[in-house]
There are 2 protein chains.
Amino acid sequence: MTAQTEADRDWLGALSKRLGERLSTAPALLEQHGRDESYHPSEAPEAVAFAESTEEVAEIVRICARHGKPVIPRGTGTSLEGHVAALSGGLSLDLTRMNAVVEVNAEDLDCMVQAGVTRKQLNTHLRDTGLFFPIDPGADASLGGMAATGASGTNAVRYGTIRENVLGLTVVLADGSVVHTGGRARKSSAGYDMTRLMIGSEGTLGIITELRLKLHGQPEAVASAVCGFPELDGAVGTAMMVIQSGIPVARMELLDDVQMDAVNRLSGLDYPVQPTIFFEFHGSAAGVAEQSERTGEIAREMGGEDFRWATNAEERTKLWQARHDAYYAAISMRPGAKGWPTDVCVPISRLAECILETKRDIAESGLYAPIVGHVGDGNFHLILVIDPEDREEFERAEALNARLVGRALAMGGTCTGEHGVGYGKMGFLKQEHGDLLPAMAAVKRALDPKNILNPGKIVAV
Amino acid sequence: MTAQTEADRDWLGALSKRLGERLSTAPALLEQHGRDESYHPSEAPEAVAFAESTEEVAEIVRICARHGKPVIPRGTGTSLEGHVAALSGGLSLDLTRMNAVVEVNAEDLDCMVQAGVTRKQLNTHLRDTGLFFPIDPGADASLGGMAATGASGTNAVRYGTIRENVLGLTVVLADGSVVHTGGRARKSSAGYDMTRLMIGSEGTLGIITELRLKLHGQPEAVASAVCGFPELDGAVGTAMMVIQSGIPVARMELLDDVQMDAVNRLSGLDYPVQPTIFFEFHGSAAGVAEQSERTGEIAREMGGEDFRWATNAEERTKLWQARHDAYYAAISMRPGAKGWPTDVCVPISRLAECILETKRDIAESGLYAPIVGHVGDGNFHLILVIDPEDREEFERAEALNARLVGRALAMGGTCTGEHGVGYGKMGFLKQEHGDLLPAMAAVKRALDPKNILNPGKIVAV
């Protein structure tokens, strides 16, 4: 840390007076709070504050606003585009101690949680209620962070993204005022949709401190299956037909041949090394049987091999473990390397073409990059496994990623299906929505005129 | 119309030069364009323009911006809270001629339409594709108007509101620039959710000229049923249990005893005069059978009478006609009177209590007000049938409506589930979201600094 100016001392003094030991400037903590799970290097904040209530967050924001210091909200730090980097210094506001499940209303299928509650913590809390919260981005992320990032994941094909599963938010605005968006009604047309404006705004428009979430009934029956395909076309064609047929599949995850090989090696499995779809079906026993049967017929028509089935919880967990381990399997193929998960989403009719072109591009690039995809949504990731120290390789990966985004945009897709923009994708956001950036910047300036909320992310002002 | 100033002549001249006969100042047309379907009196604009393209809308907005004149976009005029009233004069921008279905992508279950396409027109267009657009607010509204209003209706319990069924929008902003929000990907985390910000903004932040919509597969099987209940509690309890059980009911509409009596009288039907639910189930044949059976069991446990079933299209249409005619049935009970449909939404656990208290309040008020509700969402309407000339009666209705909103808010609900704010509910919006109004006003000022887009609606600036 550089020498503190008097102004900095005033700012830290004011925070310290309020927070005591919950304000820290320990170098290791600063370094850790300046990085997320991505390849982006740490950009350390000047201090880290651990908040314990909405009112405390409001006071912290007021102090930072008075001193013109950035505030960067942080949950579990599992973002992937540098969302938490302190590009202009300031305070990392750690919300992980705000981890209370405030209330569960089983009758209304809703709950209220503090922002630091993680999705697994919530589902553990709900276990005996017959309810669950379906959004599963992979990481055990905080729900506040998931909302701020616009997260989704494997279950979105059936249950929607977090965007469709938030009823309302408590938000601290840039002037330290506390506001409540949405409410407990299942729907509302009462004014501008400030809930959705905050979702995906990555802490740049306000700091989410509490969320009211929709819950869903735990399905009566669940069945999982794995099916390999000789050709990628058949796998993606199956996904497309399942969606077009209106089969309410709960999960439909593609792993390409390269990824299946990695999964086999990490976990000592013997799946055929070919494009493979992991399915999950939720419903009544009869409903699940019908969905499974119809999906099986489609897969067979598309050249799929026999389904491997799992219906009891233990077998299902084992089967899905292969999918859940995809990321670690990929990076374990190259000791010392880092994973860089890219994230595009295209119309499903273009998905096979987009993946096949991308696989050719990966081959030509000489990079190692298995593919996993939430194929029901047209969303897929390359896991670029790179040596972060090798500048030339990093640049090749950057170029590959830029071509991937360009390809997705040319097909009517988006530069990010679920990871968000952070500062890593600001150039791509301009490429996709250049016409909209002035309006986004106007909204940012309106709600954060001093530019203190996570500055330098999403849109430059 | 008052005498025109020179400035007005310049403004009309510029518009007229661009639009020719598609600009009108005919008094009857002005009067008609200043009113919607509600009890709110007409507030006539100074002129009406019929736009035929996005570029033309942009030019019109630029002309109005230059002259500081309001622009009030208008679809079918079926709004219910004075959304289209020209409170500060200006131009009514009629979009009904922009009624082309631009493209349908059956493989991706999406389509692009101009804002003036109505929902029935779109579904007629889609008839042979195996797809349909589910949002049904009752009126054959324009899709642009439905998005601007945040509409929903009978199918929302299964398919979501229009909020969840728009992938992207073409919008003309207050400076006449044309922007595209969202895209063709099923999901995206690319920057602020400008699509959802425009949805429900009632033309105050931008003018929607095109919409990219999600489509759904026409269900293989459809079944409808009607079930009466001796007590309202049993009817609402049935709705609550159906939702909690995760039965994917497509429609679940409550008509109270007063409304059933009106329906019987209008259409010569013989339904028992009691709280009644109209159900519709969509799915595979087996799925529909299972949903129907489980719902029947729940209804019986809750004291419901036998189901009247309809499975073929003709019987279903006849059965649902009673529900579709509810509004006309209600107003036909009192010749010369007008209908004033109110609109609140509460957590479903409070719905029975809210409706029962409201029925007592209606009885005490001496007003005639049948109740219909999208009970799966907790959303219900009183159809206040009033003599618009009777000031005292109107004030009693206003007071009843205010108590209804107060009751809904006290129960954690919203002042409008689907009709929107217009200028009729601005006071209630303040009651519900007073803390948020400064942020809403900041967004309005940021995107419409001259306050020319439908001024005086939603939020005062």
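# Exercises on strand pairing and chain symmetry

Strand β8 (residues 166–172) of chain A runs antiparallel to strand β10 (residues 207–214) of chain A, and 6 bridges join them. Strands are DSSP runs of E with at least two residues, and helices are runs of H or I with at least four, numbered from the N terminus; two strands pair if DSSP finds at least two bridges between them. The model is predicted: local features need pLDDT of at least 70, side-chain atom pairs count only at pLDDT 80 or more, and totals for chains, interfaces and linings use all residues. Residues are numbered from 1 along each chain as its sequence is written, while chains are lettered from A and ligands numbered from 1 in the order in which they are written.

**Exercise 1.** Find the residue in β10(A) that stands opposite A:Gly168, then describe the pairing of β8(A) with β9(A).

Solution.
- Opposite A:Gly168 stands A:Arg212 of β10(A).
- Strand β9 (residues 178–182) of chain A pairs with β8(A) in the antiparallel sense, over 5 bridges.
- A:Val172 has A:Val178 in β9(A) as its bridge partner.
- The hairpin of these strands has 5 residues between them, and A:Gly176 in that hairpin takes a positive phi near 85°.

**Exercise 2.** State how chain A can be laid on chain B.

Solution.
- Superpose by least squares on the C-alpha atoms of residues with pLDDT of at least 70 in both copies.
- A turn of 180° and a shift of 0.0 Å along the axis lay chain A on chain B with an RMSD of 0.0 Å.
- The two copies are therefore related as by a two-fold rotation axis.
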